[in-house]
Amino acid sequence: MDKIVIQGGKPLFGDVQISGAKNAALPVLAAALLTGGTNTFHNIPDLMDIKTIKKLLCSMGAQIEGDETIQINVDKIINHTASYDLVKTMRASILVLGPLVARAGVARVSLPGGCAIGARPVNLHIKALQELGAHVELKSGYIEAKAKKLKGADIYFDLPTVTGTENIMMAAVLAEGTTVLNNAACEPEVVSLADVLKGMGAKISGAGTDTITIKGVTSLKPTEATIIPDRIEAGTFMIAAGMTHGEINVIGCNPHHLEALINKLRDTGMKISSIKGGMKVSSGKKINSVDVKTLPYPGFPTDLQAQMMAYMTISGGLSVISETVFENRFMHVSELLRMGADIVIQGGNAIVRGVPMLHGAQTMATDLRASASLVLAALVAEGTTEISRVYHIDRGYQTIEKKFSALGADIKRIK
Ligand code: UD1
């Protein structure tokens with residue numbers, strides 16, 4: 001298994017190009033199940049999760065060519081099962097449920113089960129699909145859904161679920177009549193999926209607000225679209241600039257998607273300004289501590305909580321980081337403690353007292369964003385840090401060691 005080895009203490013300077021967003025690319029690729037003909041999608045990131053969804057879609061009959069630009073054709077769906085083996089490696093495989101039922105009238109998708117950051121049920125996906133008229137049964141660990149024709153409905157999500165909103169939006173585009181999704185997720189990735197579906201001929205309004213209206217159509221046509229930039233990758237590099245006392249031009253990002261983070265980073269003393277094609281981000285003289293509470297978009301993203309915590313471990317004061325989206329998303333804390341951080345967990349809050357210096361240590365990545373926080377901590381730690389189980393990071397960050405190395409970090413991957 002690969003390891004990442006980092007010698008800390010180098011300030012980072014230069015330009016970094018942000019890749020396409022994993023969480024936007026996954027639902028867009030799943031949406032290809034809704035049409036015959038060839039869809040073309042640009043700016044697809046080179047990540048393990050993308051390889052996983054390609055494998056899953058191919059098993060269902062998709063013909064796929066290309067990497068950064070993908071041409072995907074699903075003229076015929078030949079298999080309706082998303083197996084446990086694939087779903088357990090990537091929970092987002094659940095995104096095939098809605099499109100399969102909408103187009104083929106049947107789907108069999110493994111229940112994802114728990115993961116490192118909590119139980120993460122899919123009950124809201126299932127309930128909404130039933131409200132669209134699907135008959136759903138749970139059998140031997142699989143969701144089995146059937147519907148001759150889905151029917152539009154007024155749906156209320158108890159929680160604003162991102163993939164739940166995406167799944168049901170994809171189911172509703174081919175339903176008979178109008179569907180209204182209330183308390184829908186407002187994330188930019190939901191908006192980007194709605195835009196792609198509209199390119200296919202779907203009738204959707206309100207994406208980006210908590211009420212999305214979908215008027216069903218009888219069929220869709222293939223489309224061409226470009227995946228939006230990864231706001232979580234961009235945010236990770238922005239935090240790196242502040243932590244290492246550097247200055248990074250984060251190119252190809254969308255600042256409007258990052259307002260909650262930009263606001264917090266300015267409070268820590270960082271300077272952030274718009275430049276052509278992105279943002280110039282530099283550290284302040286000292287790091288002010290700030291409190292952070294994760295919330296659904298447009299609140300502070302849970303996917304940047306671990307990275308922000310790494311930043312706060314070296315602040316000049318006390319920071320309270322509250323995780324409200326997932327119940328068990330502090331797995332990185334025990335690894336940060338091994339590097340000399342001072343953090344106490346109380347329920348859903350982490351109380352972080354800034355220390356003058358972190359120290360290199362042997363650490364283990366536990367989930368995707370937790371591993372990014374270890375990379376950030378290692379970049380400022382005194383001495384050498386080894387991060388094992390790097391496959392977590394490869395799920396969501398494209399060539400992270402190359403991007404950091406180009407900015408001046410002493411970072412290498414050991415096979
Ligand atoms: C997506 C993102 C993930 C991000 C998360 C929150 C993708 C592929 N993944 O995950 O990176 O961290 O949004 O921004 O886009 N919930 C239920 N029942 C459900 C569905 C969700 O109780 O049926 C709960 C979850 O346990 C969690 C909350 O709702 O507490 C939000 O989760 P959700 O938005 O669904 O996360 P994902 O879509 O899985």
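**Ligand shell and burial in a predicted model**

Q: Why is Thr-161 called buried?
A: This is a predicted model. Thr-161 has a relative accessibility of 15%. Buried means under 20%. The value falls under that cut-off, so Thr-161 counts as buried.

Q: Where is Thr-161 found?
A: Thr-161 is in the loop between β10 (154–156) and α6.

Q: What makes the pair of Thr-161 and the ligand a polar contact?
A: A polar side-chain atom of Thr-161 lies 2.6 Å from an oxygen atom of the ligand. The cut-off for a pair of N or O atoms is 3.5 Å. The distance is within it, so the pair counts as a polar contact.

Q: Which backbone nitrogen lies 3.0 Å from a polar atom of the side chain of Thr-161?
A: That of Gly-164.

Q: What makes the pairs of Asp-303 and Leu-124 with the ligand polar contacts?
A: Asp-303 places a polar side-chain atom 2.6 Å from a ligand oxygen atom. For Leu-124, a backbone N or O atom lies 2.7 Å from an oxygen atom of the ligand. The limit is 3.5 Å. Both distances are within it, so both pairs count.

Q: How much of the ligand does the protein bury?
A: Taken alone, the ligand exposes 750 Å². The protein buries 87% of that.

Q: Which elements give two or more residues to the shell around the ligand?
A: They are α5 (123–131) and α6 (162–172). The most comes from α5, with three residues.

Q: Which residues come nearest to the ligand?
A: The shell has 18 residues. Asn-123, Thr-161, Thr-163, Asp-303 and Val-325 come nearest.

Q: How do the residues of the shell divide by type?
A: Nine are nonpolar, six polar and three charged.

Q: Which domains give at least three residues each to the shell?
A: Domain 1 (3–19 + 229–414) and domain 2 (22–226).

Q: Why is Lys-139 called partly exposed?
A: Lys-139 has a relative accessibility of 39%. Buried is under 20%, exposed over 50%. The value lies in between, so Lys-139 is partly exposed. Its place is in strand β8 (residues 135–139).

Q: Why do Cys-58 and Cys-253 carry the labels they do?
A: Cys-58 has a relative accessible area of 37%. That lies between 20% and 50%, so Cys-58 is partly exposed. Cys-253 is at 10%. That is under 20%, so Cys-253 is buried.

Q: How many disulfides does a search of the whole structure find?
A: Zero.

Conventions. Residues numbered from 1 in each chain as written. Predicted model: local features only at pLDDT ≥ 70, side-chain atom pairs only at ≥ 80, totals over all residues. Heavy atoms only, no water. Near = heavy atom within 4 Å. Polar contact = N/O pair within 3.5 Å; in protein donor to acceptor, adjacent residues only side chain to side chain. Areas by Shrake-Rupley, 256 points an atom, 1.4 Å probe, with all protein chains shown as cover. Helix = DSSP H or I, 4+ residues; strand = E, 2+ residues; numbered from the N terminus. Nonpolar A, V, L, I, M, F, W, Y, C, P; charged D, E, K, R; others polar. Domains from an automatic or database assignment. Disulfide = S-S within 2.5 Å. Buried < 20%, exposed > 50% of the residue type's maximum accessible area, 1.4 Å probe, protein only.
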